[in-house]
Amino acid sequence: MIADLIGDGIQSGEFQARDRLPPLRDLAVALQLNYTTVTRGYAEAKKRGLIDSRPGMGSFIRGKVPAIPLSGGSSYEMTMNSPIEPEGAQIGEMIRLGALNLFSRQDLFPLLRYQDFGGIAADKEAAMLWLGKRLPPLMAEEVLVCPGIHSALVGLLTLLGRKGGSICVGNLVYPGLKAIAAQLAVPLHALDCDNDGPTPRAFENQCQGGHVSALYLNPTIHNPTTLTMPLRRRESLADIALRYSIPIIEDDAYAALPQPGSPHATLPTFAELVPELTWYLTGLSKCFGAGMRIAYVKGPGKRSTQLLAGALRALTVMSSPITNALATQWITEGTADSVLLAIRGEAQARQQLARLHLQKFNYRADADGFHLWLFLPKQHGWNPSDVAVKLREQGVSAVSSAAFSTDNNPPDALRICLGGANTRRLCEENLKVIADMLEYPGHFASVAL
């Protein structure tokens with residue numbers, strides 16, 4: 001009975017991952033049951049994978065990835081990893097002048113008409129220029145201009161989900177992918193991971209069992225862990241995908257952030273290792289501005305790209321011609337490169353502040369990225385979801401590990417967005433709040449488990 005009640009609560013959303021359950025004796029008193037019955041109920045719930053127990057800390061809900069479409073909105077935590085807005089009047093003026101130049105010279109009526117999905121020739125040329133930062137020379141028929149990476153993922157999961165198999169993912173992924181998969185009823189299969197990403201053995205075991213539609217990867221400055229997949233792991237996963245003919249979705253939203261010539265910037269993409277299987281996605285939302293809902297997709301061949309274009313046309317009609325034209329203007333005149341350079345510089349400055357204020361604590365970061373992966377001290381017994389809420393109440397952009405988890409076993413960690421603060425000074429104040437929380441846990445007693 002107790003296990004059934006817990007299962008019903010998880011299914012209904014009443015219980016969330018990492019919620020703490022009452023101690024055995026307290027629950028026995030509340031339900032007027034004997035201690036042995038309650039103990040057996042918790043044991044059965046643990047056997048079913050509904051709860052987890054830690055000696056001296058109690059029992060917690062493990063939660064589950066929703067298996068039904070979300071029709072009334074998403075229950076996922078979708079707090080965005082906002083890019084840094086570079087300070088300085090010069091950058092703002094460059095952006096403004098680029099827009100003015102476009103609208104002063106351009107006949108606006110073509111931008112108010114329907115266009116074929118994927119972008120006109122000028123927009124594709126700008127897309128290939130931007131993609132060329134990471135990819136070798138491209139053919140225009142393999143490139144699509146799309147209304148944001150999120151929309152491109154909707155199209156890809158719609159297209160690839162028709163195979164009826166699961167999408168293999170790491171144990172921590174972009175929450176938007178979880179929401180899309182749930183909405184489309186496409187199952188996600190969490191692969192075992194280490195510090196280099198999904199393990200080749202786990203991926204190959206799943207491929208051998210069949211029913212794999214695709215492998216989704218975020219290999220550079222991973223959201224949320226900040227890790228970048230090394231060459232050996234990329235090659236191993238690419239080899240397995242090639243042997244089993246498994247499509248790869250390479251979400252490279254942060255690919256433009258590493259400095260040119262840095263080890264991360266010179267790593268080959270999966271689109272280079274297995275071009276015949278890889279859907280490569282990048283865009284401007286993380287390296288120009290979140291409001292630039294535009295993505296550039298390189299498909300694994302002309303026919304596959306046309307199939308995705310058809311799926312996305314049915315879902316979104318087209319990417320906004322006005323947005324496309326602005327992106328093309330800013331890319332071709334060099335403004336986009338200037339904004340990217342400014343974002344890199346500001347990200348490095350904020351990472352230096354993080355090292356200064358969080359040097360005594362356990363976290364991961366990439367020098368060119370604008371988020372951190374902060375591990376909470378286990379001795380405090382804090383619930384990351386509660387800590388994230390408490391931090392957000394104080395203006396700190398924090399998201400619990402549960403938002404990213406795909407294996408129902410989220411670590412005791414938070415993603416901290418350094419770009420959530422509009423100024424460097426405010427970012428430093430937020431880092432001080434985090435440091436105080438970790439150093440003086442008594443001040444946060446209200447969130448302790």
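Reader: Before anything else, what does exposed mean here, and what is Lys 360's relative accessible area?
Author: Exposed means over 50% relative accessible area, and in this predicted model Lys 360 is exposed because its relative accessible area is 58%.

Reader: And which residue does Lys 360 form a salt bridge with?
Author: Its partner is Glu 439, and the closest N and O atoms of the pair are 2.8 Å apart. Glu 439 belongs to helix H16, whereas Lys 360 sits in the loop between H14 and strand S12 (363-365), so the salt bridge ties together parts that are 79 residues apart in sequence. Glu 439 is partly exposed, with a relative accessible area of 35%.

Reader: Which salt bridge links H14 with H16?
Author: That is the one between Glu 346 and Arg 424, whose closest N and O atoms are 2.8 Å apart. Glu 346 lies in helix H14 (residues 335-358) and Arg 424 in helix H16 (residues 424-439), 78 residues apart.

Reader: Glu 346: buried or exposed?
Author: Glu 346 counts as buried, at 6% relative accessibility, while Arg 424 counts as partly exposed at 38%.

Reader: How many salt bridges are there in the whole structure, and which residues are linked in a network?
Author: The search finds eleven salt bridges, and Glu 204, Asp 239 and Arg 243 are linked in a network of them. Within that network, Arg 243 and Glu 204 have their closest N and O atoms 2.8 Å apart. Since Arg 243 lies in helix H9 and Glu 204 in helix H8 (residues 200-209), the pair ties together parts that are 39 residues apart in sequence.

Reader: Switching to the backbone, where is the cis peptide bond?
Author: The bond from Asn 223 to Pro 224 is cis, with omega near 20 degrees, and Pro 224 is found in the loop between strand S8 (212-217) and helix H9 (231-244).

Reader: What about phi at Ala 185 and Asn 408?
Author: Ala 185 has a positive phi of about 60 degrees although it is not a glycine, and phi of Asn 408 is also positive, near 60 degrees. Most residues other than glycine have a negative phi. Ala 185 is in the loop between helix H7 (175-184) and strand S5 (188-190), and Asn 408 is in the loop between strand S14 (398-400) and strand S15 (413-417).

Reader: Last topic: how many residues has the largest nonpolar core, and which helix gives its largest share?
Author: The largest nonpolar core has 67 residues, and those with the most contacts inside it include Trp 130, Leu 153 and Ile 249. Helix H6 (residues 149-160) contributes the largest share, seven residues. Apart from this core lies another of 24 residues, among them Val 387 and Cys 427.

How values were computed. Residues are numbered from 1 along each chain as its sequence is written. This is a predicted model: local features need pLDDT of at least 70, side-chain atom pairs count only at pLDDT 80 or more; totals for chains, interfaces and linings use all residues. Side-chain values use heavy atoms; hydrogens and water are left out. A nonpolar core is a set of buried Ala, Val, Leu, Ile, Met, Phe, Trp, Tyr and Cys residues joined through side-chain atoms within 4.5 Å. Buried means under 20% relative accessible area, exposed over 50%, partly exposed in between (1.4 Å probe, protein chains only). Helices (H or I, at least four residues) and strands (E, at least two) are DSSP runs, numbered from the N terminus. A salt bridge is a side-chain nitrogen of Lys or Arg within 4 Å of a carboxyl oxygen of Asp or Glu.
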